[in-house]
Amino acid sequence: MQPYIEKKYFLSANEANAEGLLSFTSLTSNIIEIATEHANSLGIGNPSMTDINAGWILSRLTIDMDYIPEVNSTYVIKTWMEDFNRHFSTRCFSISSSDGKIYGYCRTIWLVIDAVTHKNLGLSHFNLPSHLILGEKAPIPLQQKHFPIHYDTPDGHSKSIQATHKPFEYTFKYCDLDFYRHVNTVRYVTMLLNQFSLQEHDTTRVKRIELSFLHEASYGMETVLLRSDSVEDNLLSAFQLTDASSGKALLFARVKREPCHE
């Protein structure tokens, strides 16, 4: 058992975005893949929890990239555990070139839930040797507090913010689901990035994306996504995904873009 693993990926055209760069959906998928592979190698992956009918779910995801790999290039993802306590695990990642140039970092927070009740089971049932927890932090800012977003009228929250775009309505379907029959993380990333036009993607690139999951979304759920562009920085957008039926917030997110540089 090793405290970290790294894996090379070749960026083919089908994993690139319309600008010929590594898409954040492909990157997110590969981040989850290597995290799963490392957890399995340590004996704490989902296959090791079938006897307690439990599994890992992602609670928070932050990806912060200074450079995005181009199509037909090779990049490397490395992952390790920053923290592992009785409540949750913090897992970090670096994304680099094959010769070691750092492109960016990712930080994730994971929980173990009961597959039936979907309640947090904690991590006290694991006995993980301390040398497998590196403790090294990804050198990117932590997520700041996310505030509720309202569209027509204030929601009474003292620090809620005003939506700057019309609500986007979406009903989750079969292909949005994962093994646990809740909405896959990559589908949320897809939904967020689709809120920007092709022109916006052609003239800016995503620098950072934050996802903070509050409640699970499931098949057939009708949702409303609100977007609020910052007054101080129009390339910083906050999002709130809400269950249209109950009004319950499912997800808070931010997407930070920056101008493309020739």
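In the predicted model, D229 lies in strand β10, which covers residues 222-229. The relative accessible area of D229 is 16%, so the residue counts as buried, the limit for that class being under 20%. Two polar contacts of its side chain are described here. One, at 2.9 Å, is made with the side chain of R227. The other, at 2.6 Å, links the side chain of D229 to that of S237. When residues up to four places away in sequence are not counted, D229 touches T164, H165, N234, L236 and S237. S237 therefore appears both among the residues touched by D229 and as a partner in a polar contact with D229, where the cut-off for a polar contact is 3.5 Å.

Strand β10 belongs to a protein chain with 3 helices and 12 strands. The radius of gyration of this chain is 19 Å, close to the 18 Å given by the globule rule for 262 residues, so the chain is as compact as a globular protein of that length. Along the principal axes, the C-alpha atoms fill a box of roughly 50 × 50 × 35 Å. Of the contacts between residues at least 6 apart in sequence, 67% join residues at least 24 apart. Buried residues account for 49% of the 262 residues. The chain exposes about 13500 Å², and carbon and sulfur atoms supply 51% of this area.

In soluble globular proteins, nonpolar side chains tend to be buried together. In the present model, the largest nonpolar core contains 57 residues. The residues with the most contacts inside this core are F24, I44, W56, I63, I77, Y188 and L211. Leaving aside neighbours within four places in sequence, F24 is in contact with I63, M65, I68, V189, L193, V206, K207 and I209. I63 is thus both a contact of F24 and one of the residues with the most contacts inside the core. A second core, separate from the largest, has 5 residues, including C92, Y105, A138 and I140.

Cysteine pairing was also examined, and a search of the whole structure finds 0 disulfides. For C106, the closest cysteine sulfur is that of C92, at 7.9 Å; this is too far for a bond, because a disulfide requires sulfur atoms within 2.5 Å. C106 has a relative accessibility of 0% and therefore counts as buried. C260, by contrast, is partly exposed, with a relative accessible area of 36%.

Terms used. Residues are numbered from 1 along each chain as its sequence is written. This is a predicted model: local features need pLDDT of at least 70, side-chain atom pairs count only at pLDDT 80 or more; totals for chains, interfaces and linings use all residues. Side-chain values use heavy atoms; hydrogens and water are left out. Buried means under 20% relative accessible area, exposed over 50%, partly exposed in between (1.4 Å probe, protein chains only). A nonpolar core is a set of buried Ala, Val, Leu, Ile, Met, Phe, Trp, Tyr and Cys residues joined through side-chain atoms within 4.5 Å. Contact means heavy atoms within 4.5 Å. Helices (H or I, at least four residues) and strands (E, at least two) are DSSP runs, numbered from the N terminus. A polar contact is a pair of N or O atoms within 3.5 Å; within protein, one must be able to donate a hydrogen and the other to accept it, and residues adjacent in sequence count only if both atoms are side-chain atoms. The radius of gyration is taken over C-alpha atoms; the globule rule is 2.2 Å times the number of residues to the power 0.38. Accessible areas come from the Shrake-Rupley method with a 1.4 Å probe; for residues, only the protein chains shown count as cover.
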